[in-house]
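Dear colleague,

I am passing on a structure for you to look through at your own pace. Please open it first, and then read the notes underneath with the picture beside you.

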Amino acid sequence: MEEIRKHEDIPGVEWVPAPRPFISVDASRCTGCGDCLRVCLAGVFRLRDKKAEVAGLDRCMECASCLFICEAGAVDFNWPAQGTGYRSEWG
Amino acid sequence: MRSTDYDVIVVGAGFGGPVAAKRCAEAGLSTLMLERASTPGQKVISSCTIPFYGFLFGPRWIRDGEPPIERPISGIRNFFVRDGKVYKTDNSFRVPGPLAPRGAIGYTVYCRPFCTWLAERAVEAGAELRTSVTAVDVIREGNAVRGVVTDRGEELRCGIVIDAEGVQNLLARKAGIRGTYRPEAIELCLLYDFKMAKQDIDRVCGYQIEYYWAMPEEEMIAPLGQGSAVYIFPYRESIHMTIGRFLKAEEGVPQLAKLLDGYYEKFFQVDRWREMYAPRAELRARIWDTCPIYAGLYEDMRSMPTFGDGMLLIGDAAGLEAAAIADGVPSAWFSAEIAAETAIEAMRAGDTSASFLSRYDRGLRGHPLIPALISDTHRRDLARARLSGSEAEMRRRVNQGWGIRLLGHLALPVLRAVYREMRRDPRVLKGWLDMFNRYYRLYA
């Protein structure tokens with residue numbers, strides 16, 4: 001039985017938690033510019049010691065804005081594995 | 001580790017993938033479709049009004065079939081907003097009264113049922129569909145792509161990979177064929193879906209999509225030219241509403257969550273929304289996704305390859321967005337059919353080299369519609385209206401893009417496509433008329 005999560009602020013969407021993190025930030029490349037925080041509507045990122053890091057993927061809608069925006073190429077964006085991640089009937 | 005052989009592996013069962021897979025399977029090629037979602041279309045987000053030319057000039061089986069459409073669209077109403085009030089309307093682009101809504105300029109659809117329907121047709125034709133499986137890498141031999149690696153660690157070998165992954169392009173990047181879309185060519189769209197009674201929709205917007213425009217100081221939409229209007233799309237018993245914004249523009253990288261929420265807040269105060277929609281609409285979903293926009297207008301992006309040794313890219317994965325009206329589905333369908341034909345020829349010839357597959361790119365460039373759709377500039381030109389600071393100039397530009405003067409730049413490519421189809425088979429006309437009637441019956 002798969003676990004399904006919902007969020008009140010994002011109606012009409014369900015999440016099946018991914019078995020492992022699918023987005024990460026390479027700290028050695030990150031310039032701490034904060035662009036990934038600015039474009040992400042899911043609040044996936046936070047800054048710590050002037051570097052971006054993944055705070056939580058539970059609202060991620062896999063849009064890849066973080067990948068597109070990161071000039072330093074520090075964001076490693078992948079798909080959540082094996083059918084997990086978000087899903088919606090209303091796209 | 002298991003090793004399996006297919007002639008063709010199609011990555012992605014969105015709008016384009018199943019079209020390619022069905023054609024390949026019909027030609028007798030062993031065809032596998034991989035879809036990362038557990039159900040096709042559950043990870044596809046669009047404010048989807050598929051334009052008529054996708055249905056007319058796209059796959060014949062979609063035209064002659066019974067796809068799950070939501071509502072026929074017979075025109076565009078442009079509302080101009082100042083101080084929270086609609087002060088002017090331009091609804092010059094519409095199908096003449098007696099012909100509407102049977103005569104449609106497009107059809108709204110939900111992605112999940114529509115993509116599922118497409119994938120089912122591909123499976124009926126003999127393609128194999130595996131859901132909840134993600135292609136995470138390609139198998140390479142030198143420069144050649146020889147298959148894909150899945151998130152389950154399987155290596156699936158094939159003659160040709162057809163990449164229908166969409167705008168994120170992860171696989172094409174792994175294969176070294178394309179780079180990532182630049183952020184100036186990506187719009188993040190925040191979409192709201194509202195339930196609304198059918199008779200209310202019939203009365204409020206009927207069969208017309210609604211665009212709301214305002215000057216920048218209104219702070220209701222992104223600066224003109226950057227994804228621009230607030231859009232409302234009527235569905236059967238719901239409406240889709242979307243506001244988008246470039247990830248990056250001259251002003252730098254905005255705080256998008258705050259900005260988009262602010263636009264919505266402003267829009268929900270507009271008189272027409274408050275009076276006509278708000279009392280009748282019930283929020284059901286709030287979703288977002290990125291879409292390519294103007295990618296065809298950047299030389300560096302336009303010159304990125306659409307194929308490699310053993311691999312063909314279709315739809316958004318190939319940069320085939322539609323700057324004209326921001327709908328990539330027709331180009332995904334057109335390119336899927338060209339890619340399938342190319343794959344069939346290549347497998348028959350036993351040659352999947354880049355030089356053989358280059359005929360795919362020639363097919364794209366020679367298509368009556370694709371080049372026109374990706375190079376249209378009028379949407380971007382709205383930026384000039386912003387700089388001019390003139391509302392009259394904005395309305396003139398909107399009329400060019402979404403009013404009657406839209407015909408000026410759409411008519412020629414469409415007529416070219418009509419001519420091509422009629423020359424192939426004059427009976428196509430009956431097929432088109434039947435389609436408009438059948439689709440209307442499906443809706444009604």
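The notes below begin with chain A and then turn to the nonpolar cores.

Please keep in mind throughout that this is a predicted model. Chain A contains two helices and seven strands, and if you follow the chain along its sequence you will meet them in the pattern β-β-β-α-β-β-α-β-β. The radius of gyration of chain A is 13 Å, close to the 12 Å that the globule rule gives for 91 residues, so chain A is as compact as a globular protein of that length. Its C-alpha atoms fill a box of roughly 40 × 25 × 20 Å along the principal axes, and 47% of the 91 residues count as buried.

As for the surface, chain A exposes about 4400 Å², of which carbon and sulfur atoms supply 46%. Chain A also carries 11 positive and 14 negative side chains, and the centres of these two sets lie 5 Å apart.

Where are the nonpolar side chains gathered? In soluble globular proteins, such side chains tend to be buried together. Here the largest nonpolar core has 106 residues, and those with the most contacts inside it are Phe15(B), Ile162(B) and Trp333(B). Helix α10 of chain B, residues 329-349, gives this core its largest share, 10 residues. Leaving aside neighbours within four places in sequence, Trp333(B) is in contact with several residues, among them Phe15(B), Ile50(B), Pro59(B) and Leu118(B). A second, separate core of 72 residues includes Phe68(A) together with Ala185(B), Leu188(B) and Val253(B).

With best wishes

Technical notes:
Residues numbered from 1 in each chain as written. Chains lettered and ligands numbered in written order. Predicted model: local features only at pLDDT ≥ 70, side-chain atom pairs only at ≥ 80, totals over all residues. Heavy atoms only, no water. Helix = DSSP H or I, 4+ residues; strand = E, 2+ residues; numbered from the N terminus. Rg over C-alpha atoms; globule rule 2.2 N^0.38 Å. Buried < 20%, exposed > 50% of the residue type's maximum accessible area, 1.4 Å probe, protein only. Areas by Shrake-Rupley, 256 points an atom, 1.4 Å probe, with all protein chains shown as cover. Lys, Arg positive; Asp, Glu negative; His and termini not counted. Charge placed at Lys NZ, Arg CZ, Asp CG, Glu CD. Core = buried A, V, L, I, M, F, W, Y, C linked by side-chain atoms within 4.5 Å. Contact = heavy atoms within 4.5 Å.
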